[in-house]
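Colleague: I have a new model open and I am not sure how to read it. Can we go through it feature by feature?
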Amino acid sequence: MLRAAVDAGADAVYCGFQNATNARNFTGLNFTSEELHSSVAYAHAHGAKVLLALNSFASAGRFPLWKEAADCGARIGVDAFIVADIGVAACIAHHHPHCRLHLSVQAGASSPEAINFYCCEFGIRRAVLPRILTIPEIRQLKAEIPCEIETFVFGNHGLMVEGRCSLTNYAVGISTNMDGACSPPSKVRYDRDSAGAVIASLGSHVIDRFAPDEQAGYPTICKGRYCTAARPEPFYAFEEPISLNLMEMLPALAAVGVDALKIEGRQRSRAYVGNVVGGFRKAIDAVAAGRAPDLIDLLALTEGQKQTQGAFMTKKWR
Amino acid sequence: MKHVTTKRLPPIPAVCLLPVQPLLKRIVKRIILDHPTIFDRLGPYKQCSYVIDAGRLPFLLLLRPDPLNPRLRALTRGPAHPCDARITGSCAQLARMADGCGDGDALFFSRDIHITGNLDAVVCLRNAIDDLDGSIMDSIWGMLRGPGKLLGQPARRRYHRRAATWA
């Protein structure tokens, strides 16, 4: 998958180890240390960087797992670590002072005060911004911090306060933030009823029912439809199944000083990575050359086959 | 699952599947030969049984991705076969996924594929297949010899032409 992203034109690729040290801890995904070693070599040979995600929170008694992951990443020669936990950040800053540190969106830092704290204390070189800021807010923020900024441009709409969401933990006792798995597939169930509808459940909680020809979404509590006494008809209580797509806003993002653009892809297929990264590569090159970006149709790869510019355009997206 | 308008071929009795079994055995062995790491990522699910219901095929496929004793068998339609997970979709969509040309999440959102049973095992299998370099379909095409290879060339070219346009 890393090769697919590099081949499609990514300048840098995020990856993680096969354990709870990153926020995509899913079975069959991620890298062994040997795989990471060869992947870093491949990326570097093609002029791309590898950023190691250590962006979950190290709970008491488990810290050695994060330290070993950081030591291994440093040995292999990854280009940066992306962190959220202040303990992990401090550990890397102390033991590997030559390595770049990036602040994960999992840290939920959206104010100059918060980002400046991480820069001052741990030497953070880049902050990934939560997807709740408008373009004018990003411009203002950029003027008040000393580090690079990175924004999401495609993937999950992501309006929950990242790094603080406990919905999965509430439902099945597994923490998104400390175990690295939001709606772990081992706890998800799909059942078909006699009418052909699909019922999605997480643990013992029914989170949605999709009619036979209705688009489906991810089986996360935040994307579910619920009935309440006040609203007996099913409704989206938190978010809707919809994807962020900021391809049209690339010139505006460049104008306010965004340094890097992030595409979600660590849980998606080679086809998705190739198409989305390749499409954004062409669009970014066009913007850099002073041309209008060629907008390609990525609707088929969006959640629920719907897309939005979310809070980047307006905070009244719903 | 979307309502499929194409007709399924009539179910085949078990005895008629006997000639298919050695071919399927050769296919899975060839795939492992060409992609020796394909099942390394399956971890706890190497002993799982996946039933694959490929739309118009008159039979089901049973996959047990044990690297030491891999099995791909044809099963009759009709009786409920015990399995850990069942994956349902059209032949074309499942071939796209197996080849890394189709995005499993997008096919799931659009209801072109349907999954029941152990979702973790299915996601793990998807991740293992997506991690491959190269093409599973090319491995299968590569098994054809003589007239079969000659006759299969147009279908192979058509598949690659279409695959180039798939998102």
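Modeller: Start with the core. This is a predicted model. Its largest nonpolar core holds 124 residues. A:V13, A:L54, A:F81 and A:V83 touch the most other members.

Colleague: Which element gives the most to this core?

Modeller: That is α4(B), with eight residues. Both domains of chain A give residues too, so the core lies between domain 1 and domain 2.

Colleague: Take one core residue. What does A:F81 touch, leaving out residues up to four places away in sequence?

Modeller: Its partners are A:L52, A:L54, A:A70, A:G73, A:I92, A:C99, A:L101 and A:H102. Note that A:L54 is on that list. A:L54 was also named with A:F81 among the residues that touch the most other core members.

Colleague: Now the domains. How is chain A divided?

Modeller: Domain 1 covers 2-159 + 242-313, and domain 2 covers 167-236. Read the plus sign as two stretches of sequence in domain 1. The centres of the two domains, taken over C-alpha atoms, are 27 Å apart.

Colleague: How many residues does each domain of chain A bring to their contact?

Modeller: Domain 1 brings 13 residues and domain 2 brings nine. On the domain 1 side, count four nonpolar, seven polar and two charged residues.

Colleague: And between the chains? How do I read the size of an interface?

Modeller: Interface size is often given as the accessible area lost when the parts come together. Here, count residues instead. Chain B gives 29 residues to the contact and chain A gives 27.

Colleague: Which elements of chain B give two or more residues to that side?

Modeller: They are α3 (104-109), β5 (113-117) and α4 (119-130). The largest share, seven residues, comes from α4(B). Remember that α4(B) also gives the most to the core. By class, the chain B side has twelve nonpolar, eight polar and nine charged residues.

Colleague: What is the overall plan of chain B?

Modeller: Count six helices and five strands. Along the sequence, the pattern of chain B is α-β-β-β-β-α-α-β-α-α-α. Chain B has 167 residues, and 35% of them count as buried. Now take its contacts with a separation of 6 or more: 70% of them join residues 24 or more positions apart.

Colleague: Does a record say anything about chain B?

Modeller: An unreviewed UniProt entry lists "domain: SCP2" for residues 69-127 of chain B. In the model, that span is 39% helix and 27% strand. Its end C-alpha atoms lie 21 Å apart.

Colleague: How do β2 and β3 of chain B pair?

Modeller: Strand β2 (residues 59-64) and strand β3 (residues 71-76) pair in the antiparallel sense, over six bridges. One bridge links B:L63 to B:L72 in β3(B). A hairpin of six residues joins the two strands.

Colleague: Last topic: backbone angles. Where should I look for a positive phi outside glycine?

Modeller: Look at two loop residues. A:Q305 has a positive phi of about 50 degrees and is not a glycine. The loop that holds A:Q305 runs between α10 (270-288) and β14 (307-308) of chain A. The other is B:R111, with a positive phi near 70 degrees. B:R111 sits in the loop between α3 and β5 of chain B.

Colleague: Is each of these buried or partly exposed?

Modeller: Count C-beta neighbours inside 10 Å. A:Q305 has 17, so A:Q305 counts as partly exposed. B:R111 has 20, so B:R111 counts as buried. The cut-off for buried is 20 or more.

Conventions:
Residues are numbered from 1 along each chain as its sequence is written. Chains are lettered from A and ligands numbered from 1 in the order in which they are written. This is a predicted model: local features need pLDDT of at least 70, side-chain atom pairs count only at pLDDT 80 or more; totals for chains, interfaces and linings use all residues. Two residues are in contact if their C-beta atoms, placed from the backbone, lie within 7 Å. Helices (H or I, at least four residues) and strands (E, at least two) are DSSP runs, numbered from the N terminus. Ala, Val, Leu, Ile, Met, Phe, Trp, Tyr, Cys and Pro count as nonpolar, Asp, Glu, Lys and Arg as charged, and the others, Gly among them, as polar. Domain bounds come from an automatic or database domain assignment. UniProt positions are given in the numbering used here, feature names are shortened, and annotations may be inferred rather than shown by experiment. A residue is buried if 20 or more other C-beta atoms lie within 10 Å of its own, exposed if 12 or fewer, and partly exposed in between; C-beta atoms are placed from the backbone. A nonpolar core is a set of buried Ala, Val, Leu, Ile, Met, Phe, Trp, Tyr and Cys residues joined through C-beta atoms within 7 Å. Two strands pair if DSSP finds at least two bridges between them.
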